[in-house]
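User: I am new to this structure and would be grateful for a guided introduction to its interior, its largest pocket and its aromatic rings.

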Amino acid sequence: MSLFDTIKRTAVPIHREGWPFLAIAAAVTLVLGWFSSFIFWVGLILTAWVAYFFRDPKRVTPVVPGLVIAPADGIVCMIGPATPPVELNLGTEPMMRICTFMNVFNCHVNRAPVTGPVTRVAYRAGKFLNAELEKASDDNERNGVVIDSPEGRIGVVQIAGLVARRIVCFVNEGESLQAGERFGLIRFGSRLDVYLPAGTAPRVAIGQTMVAGETVLADLTAPAGTAPVTRVA
């Protein structure tokens, strides 16, 4: 295998949403670098970080019916019953919520946790508090998507964070998604909440690292009340 083939296999694609930011960062670096070599190297590092932030790697998604797949890279920061946002029309009873916090070094491409038609897309303006806070679910800017899976309706909420200022959603109501399919992106630090039917047993733990499109969050076909299948070692 040639060096070019090795680099090609190793390189990670950049999502189309990132190309304008990458072009701006590169242009500013070249202009300012004309006046200072130090600024050039700083700009080059920042440009490389922009490319890294908007990376869009391929993922291998389990397609077993009933499995709920992680929609985002990051760390599980909260697990437990919570009332879903009212704009999702999922009712007023608490559902099982699993929250994943994404820092500025995580891949921010969001993927569908289950397969099914999109029955609701609802955006709500709000604040930009630290996404790890509990009140961020209610106060921060967010965009919710409801997917009608064969095992029940699942809510996925993109929440802007302290640094994030732009939520991007690629799907509309009436479209269908496959588990692991890209459906959105949040720029520069944020959180994703997944709302599952009450009684669902999470298969992840707080502090666990998530891989979007690959990590299994839960199994909706497991009997209600099933004990979690994780442990911390």
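The following exchange takes up these topics in turn.

User: Which residues touch the most other members of the largest nonpolar core?

Analyst: The model is a predicted one. Its largest nonpolar core holds 28 residues. At least two of them come from each of strand 3 (95-102), strand 6 (142-149), strand 7 (152-160), strand 10 (182-186), strand 11 (190-196) and strand 13 (216-219). The members that touch the most others are V68, L177, F183, L192, L196 and L217.

User: How many residues does the other core have?

Analyst: This core lies apart from the largest one. Among its members are A25, V50, C107 and V109. Its residues number 9.

User: Which residues lie closest to the centre of the largest pocket?

Analyst: The volume of the largest pocket is about 170 Å³. Its lining divides into 10 nonpolar, 4 polar and 1 charged residues. Of the 15 lining residues, the closest to the centre are V64, P65, G66, L67 and T115.

User: What is the geometry of the aromatic pair formed by F40 and W41, stacked or edge-to-face?

Analyst: The count of aromatic pairs comes to 1. The ring centres of F40 and W41 are 5.4 Å apart, with 75 degrees between the planes. Because planes over 60 degrees apart fall in that class, the pair is edge-to-face.

User: Is W41 buried or exposed?

Analyst: F40 has 25% relative accessibility and counts as partly exposed. For W41 the relative accessible area is 53%. Since the cut-off is over 50%, W41 is exposed.

Definitions and conventions
Residues are numbered from 1 along each chain as its sequence is written. This is a predicted model: local features need pLDDT of at least 70, side-chain atom pairs count only at pLDDT 80 or more; totals for chains, interfaces and linings use all residues. Side-chain values use heavy atoms; hydrogens and water are left out. A nonpolar core is a set of buried Ala, Val, Leu, Ile, Met, Phe, Trp, Tyr and Cys residues joined through side-chain atoms within 4.5 Å. Buried means under 20% relative accessible area, exposed over 50%, partly exposed in between (1.4 Å probe, protein chains only). Helices (H or I, at least four residues) and strands (E, at least two) are DSSP runs, numbered from the N terminus. On a 1 Å grid over the protein atoms alone, a cavity is a set of points where a 1.4 Å probe fits but cannot get out, and a pocket is an open set with protein on both sides within 12 Å along at least five of seven lines; lining residues have an atom within 4 Å of a point. Grid points are joined across faces, edges and corners, and a volume is the space filled by probe spheres set on the points. Ala, Val, Leu, Ile, Met, Phe, Trp, Tyr, Cys and Pro count as nonpolar, Asp, Glu, Lys and Arg as charged, and the others, Gly among them, as polar. Rings of Phe, Tyr and Trp (its six-membered ring) pair if their centres lie within 6.5 Å; planes under 30 degrees apart count as stacked, over 60 as edge-to-face and the rest as tilted.
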